[in-house]
Amino acid sequence: MRLAVLASGRGSNLLAILDAITRGELDAQVVGVFSDKADAPALAHARDAGVEARPLSPRGFASRSEFDEHLFSLVDAVQPDLIVCAGYMRLISDAAVAARIGRMINIHPSLLPEFKGLRTHQQALDAGVRMHGASVHYVTPELDGGPVIAQARVAIEADDDVARLAERVLQREHPLLVATLREISTGRITWESGGVHYGRRPLHAPLQLDDCNRLIQDFPA
Ligand code: GRF
């Protein structure tokens, strides 16, 4: 499976993918890393791994769609089977998304549909929920609104602040993303008829990451 990764920052999810590939835990190849930020550490991680790293500044483009047309022409050129948004912080134009439905996923730090958008850990603390986490979903034009494939749940502790909670969620994001990619690479997870299928059947509720970092269908108690 050829992966193109879009990332704006730190790139720890990209590193998790690259590490899983190196360890032989994911049968995939990262064929390009693309960023709207020239100084994104993600680009340095890509270069260190010998992967093509392409910064592209939105400055100089008249509109979001013009920028996306250019960005995705670079992405298409590496012929990815799947595009992974891993901390890519720019909205993507509807046309660019529509042309790639079922071929682009995103990792988001909340249990979608709860807490879309930014500052999700603060949103969760403000809402007083007891369970938080991360989701991997197919990208559709609705921001953070595409069908959810898989989730990792993280219990909120009484003395949590944003930094502590973000750190624990991030530790679960990495195995969540790798496990989801593995199931896509083996063809267990597919996009069919506008929705997520698992083992060729429509998936009615997101898969859950268990303590052994496997995706299961049973909802944890
Ligand atoms: C992660 O929390 C991801 O869920 C969110 O942005 C963050 C990116 O982290 N979309 P990193 O750049 O992969 O370290």
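This report describes three strands with their linking helices, and then the ligand site, in a predicted model.

**Strands and crossovers**

Strand 2, spanning residues 29-35, is mostly covered, with six of its seven residues buried. This strand pairs with strand 1 (residues 2-6) through five bridges, and the two run parallel. Within that pairing, Val-5 has Val-33 of strand 2 as its bridge partner. Strand 2 is also joined to strand 3 (residues 53-55), here by three bridges and again in parallel orientation. Ser-35 is bridged to Pro-55 in strand 3.

Helices link these strands in sequence. Helix 1, residues 12-22, forms a right-handed β-α-β unit together with strand 1 and strand 2. A right-handed β-α-β unit is likewise made by strand 2, helix 2 (residues 41-48) and strand 3. Strand 2 therefore takes part in both units, as the strand runs are defined.

**Ligand site**

The ligand is surrounded by Arg-10, Gly-11, Ser-12, Asn-13, Gly-87, Ile-107, His-108, Pro-109 and Glu-173. Polar contacts to oxygen atoms of the ligand include those tabulated below.

| Residue | Protein atom | Distance to a ligand oxygen atom |
|---|---|---|
| Gly-11 | backbone N or O atom | 2.7 Å |
| Asn-13 | polar backbone atom | 2.9 Å |
| Glu-173 | side-chain N or O atom | 2.8 Å |

On its own, the ligand has 370 Å² of accessible area, of which the protein covers 87%. Ser-12 and Asn-13, both listed around the ligand, fall within the residue range 12-22 of helix 1.

Methods:
Residues numbered from 1 in each chain as written. Predicted model: local features only at pLDDT ≥ 70, side-chain atom pairs only at ≥ 80, totals over all residues. Heavy atoms only, no water. Buried < 20%, exposed > 50% of the residue type's maximum accessible area, 1.4 Å probe, protein only. Helix = DSSP H or I, 4+ residues; strand = E, 2+ residues; numbered from the N terminus. Pairing = 2+ DSSP bridges. Right-handed = clockwise from strand over helix to strand, strands pointing away. Near = heavy atom within 4 Å. Polar contact = N/O pair within 3.5 Å; in protein donor to acceptor, adjacent residues only side chain to side chain. Areas by Shrake-Rupley, 256 points an atom, 1.4 Å probe, with all protein chains shown as cover.
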